[in-house]
Amino acid sequence: MKRFIVYIAVAVVGLLSVSNAEAQTISLGERTPRIKKAKWLNGNQPQKSDLTYIEFIHSASLPCRKSAERIYGIINSFDNVAFVLVSHQSATEIDEWVTHHINERSGVIVDDERIRTSFGVNYAPYAVILDHKNRALWFGNPQRLDRQMIEEFVTTKKK
């Protein structure tokens with residue numbers, strides 16, 4: 001009986017470690033999945049930049065809205081950073097506040113659970129900062145990201 005319990009425990013630990021490994025699809029310095037065939041809200045795809053900030057959101061979530069608006073305010077002061085929001089909601093379901101984040105350097109991808117899955121995102125808000133080669137420079141909860149950290153990425157990229 002003890003052996004059976006040990007085998008079960010080992011199997012459970014093994015399954016948990018495999019599921020964690022599959023859930024994490026982003027590694028620092030490594031290329032991230034490409035965003036192809038995205039549905040851009042109002043057809044507005046931002047222009048290419050040295051850096052791209054991508055935030056996965058649910059537009060009805062107050063923490064997502066506060067996070068996106070705070071980071072947008074910071075990123076808008078830099079001319080070499082694109083800002084992208086990604087929502088699994090459709091264009092008709094998404095809250096209107098996201099439209100304030102559409103211009104030549106920012107856009108909103110709608111109706112795309114595929115991108116969320118390819119990045120391994122399980123919660124929102126969640127963000128990734130990419131360089132021009134789609135390599136991850138930072139990822140995690142955007143509420144932990146501040147102006148100083150973003151400035152470091154921008155100034156490092158200019159060197």
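Here are some short exercises on a predicted model, each with a worked solution.

**Exercise 1.** Find out how far the prediction can be trusted by its own confidence score, pLDDT.

*Solution.* Start with the whole chain: the mean pLDDT is 83, and 83% of the residues reach 70 or more. Next, look at residues 9-23, where the pLDDT is below 50. Beyond near neighbours in sequence, that stretch has two contacts in the model.

**Exercise 2.** Work out which strands pair with β3 and how they run.

*Solution.* Take β2 (residues 51-57) to begin with: seven bridges join β2 to β3, and the two run parallel. To place them against each other, note that leucine 51 stands opposite valine 81 in β3. Now turn to β4 (residues 106-110), which is joined to β3 by four bridges, again parallel. Here valine 86 has isoleucine 109 of β4 as its bridge partner. Finally, trace the path from β2 to β3: together with helix α2 (residues 62-75) they make a right-handed β-α-β unit.

**Exercise 3.** Decide whether the two faces of β3 are covered or open.

*Solution.* Begin with a rule of thumb: side chains in a regular strand alternate between the two faces of the sheet. Then sort the residues of β3. Val81, Phe83, Leu85 and Ser87 sit on one side, and Ala82, Val84 and Val86 on the other. Every one of these is buried, so both faces are covered. That fits the tally for the strand, residues 81-87: seven of seven are buried.

**Exercise 4.** Say whether serine 49 is buried or exposed, and what it touches.

*Solution.* First locate serine 49: it's in the loop between β1 (39-40) and β2. Its relative accessible area is 16%, and buried means under 20%, so serine 49 is buried. Leaving aside neighbours within four places in sequence, serine 49 is in contact with Asn80, Val81, Ala82 and His132.

**Exercise 5.** Describe two of the aromatic pairs, given that the count comes to five.

*Solution.* Try tyrosine 53 and phenylalanine 83: their centres are 5.5 Å apart with 15° between the planes, so the pair is stacked. Tyrosine 53 belongs to β2 and phenylalanine 83 to β3, 30 residues apart. Tyrosine 53 is buried at 1% relative accessible area, and phenylalanine 83 is buried at 1% too.

Then take phenylalanine 56 and tyrosine 126: with centres 6.4 Å apart and planes at 50°, this pair is tilted. Phenylalanine 56 lies in β2 and tyrosine 126 in β5 (residues 126-131), so the pair ties together parts 70 residues apart in sequence. Both are also members of one aromatic cluster, made up of Phe56, Phe119, Tyr123 and Tyr126.

Terms used:
Residues numbered from 1 in each chain as written. Predicted model: local features only at pLDDT ≥ 70, side-chain atom pairs only at ≥ 80, totals over all residues. Heavy atoms only, no water. Buried < 20%, exposed > 50% of the residue type's maximum accessible area, 1.4 Å probe, protein only. Pairing = 2+ DSSP bridges. Right-handed = clockwise from strand over helix to strand, strands pointing away. Contact = heavy atoms within 4.5 Å. pLDDT = per-residue confidence, 0-100. Phe/Tyr/Trp six-rings, centres within 6.5 Å; stacked < 30°, edge-to-face > 60°.
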